[in-house]
Amino acid sequence: MKRHLSIFSFKITKDAKKVINNLLLLVIFILSIQIVIFYIFQIGVTPELLDLKKNLKSYPDVIYFGDSVSIFVAKSDTDKLTLPQHIQQEIPRFIITTIIHGAYNLNDYANYSKLVSKSSVPPKIAVVSVNMRSFSPAWYKNPPYIFLKEHLFLTFDPFPVDAIYKPLYQLHVLDLLQKYNFINFSNSPIYNGGNFVGRLSSFLKDDYGKSQEEKMKNKIMVNYMYSLSDEHELIKSMQFLAQRLNKKGIKVIFYITPIDYQNAEKYWGNDFKDILEKNIQVIKKVAEANSADYLDLSRSLDTNSFGWKEETYVSEHLNEKGRKLVSHAISTFILAKSE
Amino acid sequence: MLFNSISFLVFFPFTTLIYFLLPHKFRWLFLLLASSYFYIHFVPVYILVLIVLILLDYTMAILIKKYPGKKKLFLIFSLIGNIGLLAFFKYFNSANLYLGELFRGLGYSYQFSSITLLLPLGLSFHTFQSMSYIIEVYKGRQKVQKDIGIYSLYVMFYPQLVSGPIERPQNLMHQFFTKHQFKYYRIVYGLRLMLWGLFKKIVIADNLAAFVNNVYQYPRAYSGEVLILATLFFSIQIYCDFSGYSDIAIGAAKVLGFKLTKNFDNPYFATSIEKFWRRWHISLTSWFRDYVYIPLGGSRNKESRTYINLLIVFLISGAWHGSGATFLIWGFLHGTALVLHRVFVKNKRQILKLFPFGKSIFRRRFSIIITFSYVTFAWIFFRASNLQDALYISGTVFMYPVVLIYNLTQAGFSEIANVTYKSTINFTTTNFLVALFFSLLIWYLHFFGKIKNFVSLTSKKHKLLRWAVYSLLVLSILNFGQRNETPFIYFQF
């Protein structure tokens, strides 16, 4: 076959054919080996996914979705039990399994709900922690807080995406799928209520402020004082999760994790209280609209129940006192809803 | 553009395809454009430096031909231009700093401030390549290239533009006129060589770099055994990094139909420092031999003069690598070793009578170990961030046997092993272990298999084994390679 374009002479020789064929064969061969080895030995799967797959086979009654708040133990605590472990102690007749990882948010829980809903005997109740800080772009748009591997695996399961994840990552193909990178993360608009106060990068530049007071005030504002709407992508995920699990007959309980509101109001007074209340109303409305229960623990603990002061950054991490109170509230709620 | 980048993964097949689709008369122009794009992908403005260099040597070569009576003058003018340009970018800030300190020390005021200029990528390489052209024209061993396009391509040919091999005009220039066919065996050979180079860079060198960089950044935080380990690893890292680069460069050129000079020949298995330099960065060593050592008199004069010549060459080689005192010491260490080796060779019989080393196989292996240890020791000065660190590391490494004996008598082996393990625990990631495994495998293959050319070796094996080997290389790159597109070590020169 020979064609003459203006300056190109295009002729596929035997040698060219042989090179192309061998390269294609090599790609197919390598891809097959990669998939077979990774699939057999489950190399690319995260420990959380492996645990969940295993635990779902033991037919749990309750499935608990959480972030670091659920596993945090303060250094000074004598009681080292985590929040779900406390809940398990309070309601021993229920088998509780967990999906917990630091920085998980409703997007991740919604992804996991795809696998949970595929279970032949699904759990009866799903407890989903809703961390109000996770709605801030400083969290859900933060690239290290985006769990693309889990997302791809859960979306394409049973196709073994985990087997080719590393090569795709290595070849930067996954960069094309990343919704958020450091540029759009840094450019995220920050609001105080409805008022635009700047881009996230301007707050990150000098670690939220020059003085300690300024740092704390800005961190609280960036983390909690956005104006939540039902168009927020995490709210969409919340709806997806509730609908998906409801379809399988799983009762969904959204519980709003406690916030150190006393500390926040020290800096922002009623502004904080009002904005938080408005945002929580959005969550309540979505939960109700999707036949889910909700438990608002946002203002349930005083500042002495939080362990984050030992960590030097603002978070919802609880100390043993806080964990006991919250686990009691959740287990009581589970009991009430399961009757 | 880095060879280990996604951009190159797109650039290379695309340019290769276009290159072979084009009629021969347009190929040089296309290669020149592709090479310019390859270069401006780093820092676009530095192509101006390259253009100045090309224009200077192109013009001087023409003038040498036109006015043979004044050819020395044109040669000197060209050399001053080349070396001046290189020195300006490479040494201006360091020299300025030293002068400032000197003047202030003597009580004078010093006003010149440092300039914020980065060294144009690969300047040391292409100035040397350009200089070899002008010297060869001057010597009458190379015809003047009247076509400025071809001459530009000789300097800018992208596979070897930023880190060599430094090509002589006699080897490369005529190849631009040859019509290269798309030949299966040549293309496959080139691709295999590129893959092997990429494997050495991404899987071995880059994974070892994580450990080496950490240790060399804060050497005082680590004990002797960790410093020795990091230095040994740097030895492997720099070999895999630079020879990996050379393999990719030679492989890429091979695919296009060009034959570049071999740059490495199993250097760590040389039985003497002299043989090491015949096998390490061959194109640079031969450049220094032909254009510095021989013009200085080489070994034709008195023995003492030869020693001085060797020291001069290696001090220049040190300075070529970098402006810091550490590079000069590194050059001096190699120069001294070559002088000592020459003394040894002259008095070999008497010395061997004093130290009976037994059979030749033992003597050979002993020589390899001694040479490798010395080269590795010298790398400390090459790698350390500053002279203080280099002296600290070399002192600690040198004194280590004494410290080890003392510690063994005081604490015992298990405690020392425990401390070493704890110091390295942060690095015992999968990737690090993989790098370690492949380093040892390469070592084993070189030592026992005596492989000199991996691709030629595998070409002779059964098809199935060949497929298995190359699939393993690709799988290792995809699964264990470092994703960050880390620049090659020699890019800084």
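**View 1. The largest nonpolar core and its best-connected members.** In this predicted model, the largest nonpolar core (buried Ala, Val, Leu, Ile, Met, Phe, Trp, Tyr and Cys residues joined through side-chain atoms within 4.5 Å; buried is under 20% relative accessible area with a 1.4 Å probe, protein chains only) has 154 residues, of which B:Phe157, B:Tyr268, B:Trp280 and B:Tyr490 touch the most other members. Helix α9 of chain B, residues 224–256, gives the most to this core, with 18 residues (helices are DSSP runs of H or I, at least four residues, numbered from the N terminus). Another core lies apart from it, with 86 residues that include A:Val69, A:Met225, A:Val252 and A:Phe333.

**View 2. Around B:Trp280.** Setting aside neighbours within four places in sequence, B:Trp280 is in contact with B:Ile238, B:Tyr239, B:Asn263, B:Phe264, B:Pro267, B:Tyr268, B:Thr285, B:Trp379 and B:Tyr490 (contact is heavy atoms within 4.5 Å).

**View 3. Where the two domains of chain A meet.** Take a look at domain 1 (1–41) and domain 2 (46–338) of chain A, with bounds from an automatic or database assignment. Their centres, taken over C-alpha atoms, are 46 Å apart. Five residues of domain 1 of chain A are in contact with five of domain 2 of chain A. Together these domains bury about 470 Å², 77% of it on carbon and sulfur atoms (accessible area lost on being put together, 1.4 Å probe, summed over both). From domain 1 of chain A, A:Gln34, A:Ile35 and A:Phe38 supply 72% of the area it buries against domain 2 of chain A.

**Notes.** Residues are numbered from 1 along each chain as its sequence is written, and chains are lettered from A in the order written. Local features need pLDDT of at least 70, side-chain atom pairs count only at 80 or more, and totals for chains, interfaces and linings use all residues, while side-chain values use heavy atoms, without hydrogens and water.

Note on methods. Buried means under 20% relative accessible area, exposed over 50%, partly exposed in between (1.4 Å probe, protein chains only). Helices (H or I, at least four residues) and strands (E, at least two) are DSSP runs, numbered from the N terminus. Buried area is the accessible area (1.4 Å probe) that two parts lose on being put together, summed over both.
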